[in-house]
Amino acid sequence: MKYAKVFRVLTLAVILSLLLVAIPATPALALDYDIELDPDEGEIGDRFYVRGEDWPHSIYDPPLIKEVDIYFSSQEADVGDDIEDEVEIYQELGTDDTDEDGDFSKRVTVP
């Protein structure tokens with residue numbers, strides 16, 4: 001009888017642990033930035049615009065300037081990859097400041 005209670009408690013603990021593992025965690029740093037290239041394809045030497053909306057901006061009044069660095073790479077990359085560590089082939093095309101709404105627009109050239 002005593003072993004049955006211990007077994008039930010152990011079974012319940014395992015089931016609850018499995019449920020906690022199965023429930024997906026909410027990402028703590030969910031990124032909701034929009035970015036657009038215009039035009040979205042081109043050749044070496046072509047100029048295009050990089051536009052962003054809803055990027056981080058200052059919560060201070062007057063707003064502090066936030067910079068966005070723009071890179072070009074022939075290497076495939078994922079969001080969050082580190083420049084130099086995970087993305088080894090790249091060229092910085094410039095920087096731009098976000099406005100008080102977190103928007104920016106920069107004209108750059110395909111290297």
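This is a short tour of a predicted model, with stops at a pocket, a group of salt bridges and a surface patch.

**Stop 1: the largest pocket**

Start by selecting Ile35, Trp55, Asp69, Ile70 and Tyr71. Of the 36 residues that line the largest pocket, these are the closest to its centre. The pocket itself has a volume of about 1200 Å³.

Next, colour strand 1 (34-38), strand 2 (47-53), strand 3 (66-72) and strand 4 (91-98), the elements that each give two or more residues to the lining. Which strand gives the largest share of the lining? Select strand 3: 7 residues of the lining come from there.

If you like to colour by residue class, try that on the lining now. You should find 21 nonpolar residues, 5 polar ones and 10 charged ones.

**Stop 2: the salt bridges**

Now show the side chains of Glu36, Asp38 and Arg51, which are linked in a network of salt bridges. The structure holds 2 salt bridges, and you can visit them one after the other.

Begin with Glu36 and Arg51, whose side chains meet at 4.0 Å, N to O. This pair links distant parts of the chain, with Glu36 in strand 1 and Arg51 in strand 2, 15 residues apart.

Then keep Arg51 selected and turn to Asp38. Here the closest N and O atoms are 3.5 Å apart, and the two residues form a salt bridge. Again the pair links distant parts of the chain: Arg51 sits in strand 2 and Asp38 in strand 1, 13 residues apart. As a general point, side chains of opposite charge can pair when their charged atoms come close.

Before moving on, switch on a surface. Are these three residues buried, partly exposed or exposed? Glu36 is partly exposed, with a relative accessible area of 44%. Asp38 is partly exposed too, at 36%, and Arg51 is partly exposed at 30%.

**Stop 3: a nonpolar patch**

Keep the surface on and select Tyr71, Ile83 and Tyr90. Together they make a nonpolar surface patch of about 230 Å².

Tyr71 deserves a click of its own. You will find Tyr71 in strand 3, and its relative accessibility of 36% counts as partly exposed. You have also met Tyr71 before: this residue is among those closest to the centre of the largest pocket. With Tyr71 selected, you can go back from the patch to the first stop and look at the pocket lining once more.

Technical notes
Residues are numbered from 1 along each chain as its sequence is written. This is a predicted model: local features need pLDDT of at least 70, side-chain atom pairs count only at pLDDT 80 or more; totals for chains, interfaces and linings use all residues. Side-chain values use heavy atoms; hydrogens and water are left out. On a 1 Å grid over the protein atoms alone, a cavity is a set of points where a 1.4 Å probe fits but cannot get out, and a pocket is an open set with protein on both sides within 12 Å along at least five of seven lines; lining residues have an atom within 4 Å of a point. Grid points are joined across faces, edges and corners, and a volume is the space filled by probe spheres set on the points. Helices (H or I, at least four residues) and strands (E, at least two) are DSSP runs, numbered from the N terminus. Ala, Val, Leu, Ile, Met, Phe, Trp, Tyr, Cys and Pro count as nonpolar, Asp, Glu, Lys and Arg as charged, and the others, Gly among them, as polar. Buried means under 20% relative accessible area, exposed over 50%, partly exposed in between (1.4 Å probe, protein chains only). Patches are made of residues with over 30% relative accessible area and no salt bridge: like charges are joined within 9 Å, nonpolar side chains (Val, Leu, Ile, Met, Phe, Trp, Tyr) within 5 Å. Accessible areas come from the Shrake-Rupley method with a 1.4 Å probe; for residues, only the protein chains shown count as cover.
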